[in-house]
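The exercises below ask the reader to work through one protein structure, moving from its overall make-up to single residues. Each task is followed by a solution that goes step by step.

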Amino acid sequence: AGVEVDEKLVKAVKSALKQFSDGMNDDLNTPRAVAALFGLMKSVQPLINKATLTKPAASLVADALDEFNSVLGIFYEIPNGYFGEDAEDADAGGDVEVPESVMDLVRQRTSAKEAKDWTAADALRDAIAAAGFAVKDVKGGEPEIT
């Protein structure tokens, strides 16, 4: 048999999930629901600090966090450059090459913005996003594509 998960942690996870569900079912009482999330993290933090959180326990907690996230949608990947690392740091991270078709959309969007055709510019931004890229305007410079 595998490694057992501490019964106290199992109870904390079950309790947090129930409190979360009860909060959301109480007229979308998100403060109550989020309090359940923070309560769970408060009970898990000492295990993390002592490096005693086992893989099965971490998996149990991760599953609970996935459950919270499936409702709230608050956990996401932080985009490269979000914390302001410079271009050299971004290059070290393995920038993705932007296809010429996306660059063409970026150029069209820039032209639409210069012509103050905001509807077309927004539609082109959406097309760029649909291709898996984000465009960020830079004052006095070329737009950044990530």
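**Exercise 1. Two loop residues with an unusual backbone angle**

Task: Determine how exposed D27 is, and state which sign its phi angle has.

Solution: The model is a predicted one, and the first step is to read the accessibility of the residue. With a relative accessibility of 73%, D27 counts as exposed, because the class begins over 50%. The second step is to place D27, which lies in the loop that runs between helix 1 and helix 2. The third step concerns the backbone, where D27, although not a glycine, has a positive phi of about 55 degrees. Most residues other than glycine have a negative phi.

Task: Carry out the corresponding analysis for A51, asking where it is found.

Solution: A51 is found in the loop between helix 2 and helix 3. Its relative accessible area is 69%, so A51 is classed as exposed. For the backbone of A51, which is not a glycine, the phi angle is positive, at about 55 degrees.

**Exercise 2. The overall make-up of the protein**

Task: Establish how many helices and strands the protein has, and in what order they run.

Solution: Counting the elements gives 6 helices and 2 strands, and from the N terminus on their order is α-α-α-α-α-α-β-β. Turning to burial, 18% of the 146 residues of the protein count as buried, a class that requires under 20% relative accessible area. The accessible surface comes to about 10500 Å², and carbon and sulfur atoms account for 54% of that surface. As for contacts, if one takes those between residues at least 6 apart in sequence, 52% of them join residues at least 24 apart.

**Exercise 3. Salt bridges**

Task: State how many salt bridges the structure holds, and describe several of them together with the accessibility of their partners.

Solution: The structure holds 7 salt bridges, and three pairs can be taken in turn. In one pair, the side chains of D26 and R32 meet with a distance of 3.5 Å from N to O, which falls within the 4 Å that the criterion allows. D26 is partly exposed at 37% relative accessibility, and R32 is likewise partly exposed, with a relative accessible area of 37%.

In another pair, R107 bridges to E100, and the closest N and O atoms are 2.3 Å apart. Here R107 is partly exposed, at 40%, whereas E100 is exposed, with a relative accessible area of 54%.

A further pair is formed by the side chains of D122 and R125, at 3.2 Å from N to O. Both residues lie in helix 6, which spans residues 118-130, and they are 3 residues apart, about one turn of the helix. D122 is partly exposed at 37% relative accessibility, and R125 is partly exposed at 34%. Elsewhere, R109, K113 and D137 are joined into one network by salt bridges that share partners.

**Exercise 4. The second largest pocket**

Task: Identify which residues line the second largest pocket, and say which elements give two or more residues to that lining.

Solution: The second largest pocket has a volume of about 160 Å³, and its lining consists of D6, K8, L9, A12, S43, P46 and L47. The elements that give two or more residues to this lining are helix 1 (7-25) and helix 2 (30-49). Sorting the lining by class yields 4 nonpolar, 1 polar and 2 charged residues.

**Exercise 5. Three helix residues and their surroundings**

Task: For Q19, find which residues it touches beyond those up to four places away in sequence, and then consider N69 and A58.

Solution: Q19 has its place in helix 1 and is partly exposed, at 41% relative accessibility. Leaving aside residues up to four places away in sequence, Q19 touches R32 and A36, while its C-alpha atom is separated by 6.5 Å from that of A33, 14 residues apart along the chain.

N69 is found in helix 3, residues 55-72, and, with residues up to four places away again not counted, N69 touches I74 and F75. Between N69 and L37, which are 32 residues apart in sequence, the C-alpha to C-alpha distance is 9.9 Å.

A58 is also found in helix 3, and at 29% relative accessibility A58 counts as partly exposed. The C-alpha atoms of A58 and V44, 14 residues apart along the chain, are separated by 9.0 Å.

Notes: Residues are numbered from 1 along each chain as its sequence is written. This is a predicted model: local features need pLDDT of at least 70, side-chain atom pairs count only at pLDDT 80 or more; totals for chains, interfaces and linings use all residues. Side-chain values use heavy atoms; hydrogens and water are left out. Buried means under 20% relative accessible area, exposed over 50%, partly exposed in between (1.4 Å probe, protein chains only). Helices (H or I, at least four residues) and strands (E, at least two) are DSSP runs, numbered from the N terminus. On a 1 Å grid over the protein atoms alone, a cavity is a set of points where a 1.4 Å probe fits but cannot get out, and a pocket is an open set with protein on both sides within 12 Å along at least five of seven lines; lining residues have an atom within 4 Å of a point. Grid points are joined across faces, edges and corners, and a volume is the space filled by probe spheres set on the points. Ala, Val, Leu, Ile, Met, Phe, Trp, Tyr, Cys and Pro count as nonpolar, Asp, Glu, Lys and Arg as charged, and the others, Gly among them, as polar. Contact means heavy atoms within 4.5 Å. Accessible areas come from the Shrake-Rupley method with a 1.4 Å probe; for residues, only the protein chains shown count as cover.
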